[in-house]
There are 2 protein chains.
Amino acid sequence: MAKQKKAPRPKAQTPKGFRDYFGTEVTERAHMLKTIADVYHQYGFDALESSAVETVEALGKFLPDVDRPNEGVFAWQDEDDAWMALRYDLTAPLARVYAQYRNDLPLPYRRYAMGPVWRNEKPGPGRYRQFYQCDADTVGAASVAADAEICAMLSDTLERVGIPRGDYLVRVNNRKVLNGVLETMGLSDEAQAADVLRTIDKFDKVGESGVRELLGKGRLDASGAFIDGVGLSADQAEPVIAFLTSKADQVAKTFENLRGAVGGSQMGAEGIAELEQIAELLDAGGYGADRIEIDPSVVRGLGYYTGPVFEAELTFEILDEKGRKRQFGSVSGGGRYDDLVKRFTGQAVPATGVSIGVDRLLAALREKGRIGGTVQGPVVVTVMDRDRMADYQAMVTELRNAGIRAEVYLGNPKNFGNQLKYADKRESPVAVIEGGDEKERGVIQIKDLILGAKLAENASLEEWKERPSQYEVARGDLVAKVREILDLHT
Amino acid sequence: MAKQKKAPRPKAQTPKGFRDYFGTEVTERAHMLKTIADVYHQYGFDALESSAVETVEALGKFLPDVDRPNEGVFAWQDEDDAWMALRYDLTAPLARVYAQYRNDLPLPYRRYAMGPVWRNEKPGPGRYRQFYQCDADTVGAASVAADAEICAMLSDTLERVGIPRGDYLVRVNNRKVLNGVLETMGLSDEAQAADVLRTIDKFDKVGESGVRELLGKGRLDASGAFIDGVGLSADQAEPVIAFLTSKADQVAKTFENLRGAVGGSQMGAEGIAELEQIAELLDAGGYGADRIEIDPSVVRGLGYYTGPVFEAELTFEILDEKGRKRQFGSVSGGGRYDDLVKRFTGQAVPATGVSIGVDRLLAALREKGRIGGTVQGPVVVTVMDRDRMADYQAMVTELRNAGIRAEVYLGNPKNFGNQLKYADKRESPVAVIEGGDEKERGVIQIKDLILGAKLAENASLEEWKERPSQYEVARGDLVAKVREILDLHT
């Protein structure tokens, strides 16, 4: 054979913007996804897993630029030169699937989907190019009963995954009310309406007075730069402010405020009626204002959605990276979008849905200490005599058959210290030892590694020498003694 | 705003070679993955979820050809012009991860991984460009105890997902024995050895006599074409045949036959000793020949792996697409590969592992009727009066709180027939009806749709008219009556 030129060694490195997940990071997420799927299923939603790859056209990206074909998405050309891409969310694939299978799917179609999505964006701290989404959508239901159902389901889901009532709030707003407000303002053109929308989007950051300035002459931002305003008069801007600040203690009062804000707008009245219907339905289902509330200050997604908009916030405080207290914030958002399927079929199909940020929700549960406590590794059966591997193998089989996670040491057994170091790295609660002497006497040594570690930290030499964390028991008592120690530590 | 030129409507179509999965296709797979993960975990394996994207170098594809950069994988260039690709299996990413984190990972490192992989290959019937793999590997263990453990775990896994003992067999072979055979044959050069390997790979298809012909002068294949042989004499070919057919009823006899086949080869003797050790360890664990057997006729992967090789076969017969009986065949394979990490670090690290074809395993369980029976949809609460949506909402909430999957009809309620058609499409077992009249009388109608469907098929008009599948009960008995009907049908 001709000698091949050696390729240089590849770097062992996670691609930039991607992550690897280990152990409980994987299993805790899997557990959460299962819990969420159970709630969605209970509500009559059916699972859908579409392909991770879509045509760029189906995703709604057009005519790829040859120099940067994959702006925003990861894209390539297939054998027929068609541009393909990894999905960037689970909504665009739903639209494609619904358009494709609409004659076979029930109408309305409730579906849930969970899985990774990919974004070709500049990565940053906590911002990855691959992350999980977990969506539920109802396609083909025009009634806001569908929106109310999604809000109720979102509330149930948060409680089921371990966020207690009081630690979260689902807030509901409606784009149609905002449209009514814009109508009543007498704006000069669509460009000005777009400017107002953009300004509203900053409400979260700059607050009421900031929005007032930005709708008017403009505003000095924190960096000292002057941001030009939309140029409205104070009177003209008033309905927007009234809308954003309309939330009152009593929901009836909120609606009254909103009616003031939309003036005589038909569209605005319709939007308020929808919110009233949602509130009524949720009330009938027992979802009070401690779980779901009408809140016109929700602005996230108002530009994107066409009707009701919802957002779930965790209301407890955490310490940020600089040690300052702040609210944990949003873990889920959604709303009504009525034009997605139309791209494919020409027919508008009403749809509403929600997306849960699973990784943020996991982070919240970790923050609150509800998951990710002490992880217990497997029981490790050490190898004192490599010729008796079968004996050790029999021990782990016994332990596993008793439902105990266990493994035999598979490295080079020569150095016993390495075996204990290994058990330590595995966070093993128990090590089992059977040397030739023990074998002869029909006994085994069982080390309580958790107690051992505590003693090592705190005990005096005298105490340590007594080694009360190691027990000699009959070989036949292996399972019983190991279980006793495990029970002690759980 | 300037009017934008309308883009043509995208086609609603799953990309070629990809699939969408619906409902139980998704949940049954998720359930199987969870079951497998539980077994792996019990054996001390830790979860790993690496990024779906790797550098092309890390995957072991070199210098992409500019015209076909993505031969075999789906690849693209990132912002730094580096070639990235979707992983094509879970083993290459394991090698990268192990090389990258080796100082933090325990040694040996037992890990499992499950998820989609992507192949840029010509799709065909049952061959998709995206499919699930479910792998377990032990990195850093030179001892064949690691291989034996993988075989035992594979056996446990198959039984746990629902393949009863007797319906499967894990077969074990060893590349080193084959190397011994090749050594003893006195081949002229490496090219001839490669030819022999390629021929052995056809043993599954052409059988003993076919391999004999192919090792000698050559063979007329089924299509009438003549395939040139390796050109060995009958004597020279004999050790190969002896190796492939060495399996006897008693494992001791199998080993005796193998010793004959490897002659004086040191490598061959070592390989046999390894197989003997594996057999002994499995025996000690209670894994008899009804579950795992030494079988030198296993040739799949012999060319790829460097030591023990294993394959799990389902032994029951199914009917193929042409109605002919055939064995279901392989659902899993694996073996020892010692050079994967070396690509990154320069150091050889021993490793062994197994990959389960989850989709094939699911197909097998469906074939045997163990999953995918009658699917029960949700209870559907119909809408007789759209102004009383809150009443219907309250009913589904009651049902859900009682643990019953339920939904309210969210389509246009005008045509009641459409609501029942919807319930039918959803495979609902029960429909609940509350019109204005029922509301006044404090009752509801509960339709047993399963019984109703049976009556519709078999009953006479008279029987049908009596409608014994519909019950009027007090509103307060909603949950009790629905549960009674559900219990009847499960």
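A:Asn257 counts as partly exposed because it has 16 C-beta neighbours inside 10 Å, whereas a buried residue would need 20 or more. The model in which this count is made is a predicted one. A:Asn257 sits in helix α9 of chain A, which covers residues 251–262. Leaving aside residues up to four places away in sequence, A:Asn257 touches A:Ala242, A:Ser246 and A:Ala248. A:Leu488 is far along the chain from this point: A:Asn257 and A:Leu488 are 231 residues apart in sequence, and their C-alpha atoms are 60 Å apart in space.

The domain division gives a wider view of chain A. Domain 1 is made of three stretches, 24–52, 87–185 and 232–367, and domain 2 takes in 379–488. Between the C-alpha centres of domain 1 and domain 2 of chain A the distance is 52 Å.

Several strands of chain A can be followed from one partner to the next. Strand β2 of chain A, residues 46–49, is a convenient start, as it pairs with a strand of chain B: two bridges link it in the antiparallel sense to strand β1 of chain B, residues 21–22. Here A:Leu48 has B:Phe22 in β1(B) as its bridge partner. Within chain A, β2(A) also runs parallel to β6(A), and two bridges join them. In that pairing A:Asp46 is opposite A:Arg111 of β6(A).

Strand β6 of chain A spans residues 109–118 and is mostly covered, with eight of its ten residues buried. The next step leads from β6(A) to β7(A), an antiparallel pairing with ten bridges. One of the bridge pairs matches A:Tyr109 with A:Val139 in β7(A).

Strand β7 of chain A, residues 130–139, is in turn joined to β14(A) by six bridges, and these two strands run antiparallel. A:Ala136 has A:Val354 of β14(A) as its bridge partner. Strand β14 of chain A, residues 351–356, is mostly covered as well, since five of its six residues are buried. Strand β13 of chain A, residues 325–336, pairs with β14(A) in the antiparallel sense over five bridges. Across this pairing, A:Arg336 faces A:Thr352 in β14(A).

Helix α7 of chain A is a separate case. How far apart are the end C-alpha atoms of this helix of 13 residues? In α7(A), residues 203–215, they are only 11 Å apart, while a straight helix at 1.5 Å a residue would reach 18 Å. The helix also has a kink of about 80 degrees, centred on A:Ser209. Buried residues in α7(A) are A:Phe203, A:Val211, A:Arg212, A:Leu214 and A:Leu215. The elements of chain A that cover these buried residues include helices α6 (190–200) and α8 (234–244), along with strands β9 (218–220) and β10 (226–228).

The last part to look at is the contact between the chains. On chain B, 79 residues are in contact with 79 residues of chain A. Which element supplies the largest share of the side of chain B that touches chain A? Helix α13 of chain B, residues 389–401, does, with six residues. Sorted by class, this side of chain B holds 40 nonpolar, 22 polar and 17 charged residues.

Methods: Residues are numbered from 1 along each chain as its sequence is written. Chains are lettered from A and ligands numbered from 1 in the order in which they are written. This is a predicted model: local features need pLDDT of at least 70, side-chain atom pairs count only at pLDDT 80 or more; totals for chains, interfaces and linings use all residues. Two residues are in contact if their C-beta atoms, placed from the backbone, lie within 7 Å. Helices (H or I, at least four residues) and strands (E, at least two) are DSSP runs, numbered from the N terminus. Ala, Val, Leu, Ile, Met, Phe, Trp, Tyr, Cys and Pro count as nonpolar, Asp, Glu, Lys and Arg as charged, and the others, Gly among them, as polar. Two strands pair if DSSP finds at least two bridges between them. The expected span of a helix is 1.5 Å times one less than its number of residues. The bend at a residue is the angle between axes fitted to the seven residues ending there and the seven starting there. A residue is buried if 20 or more other C-beta atoms lie within 10 Å of its own, exposed if 12 or fewer, and partly exposed in between; C-beta atoms are placed from the backbone. Domain bounds come from an automatic or database domain assignment.
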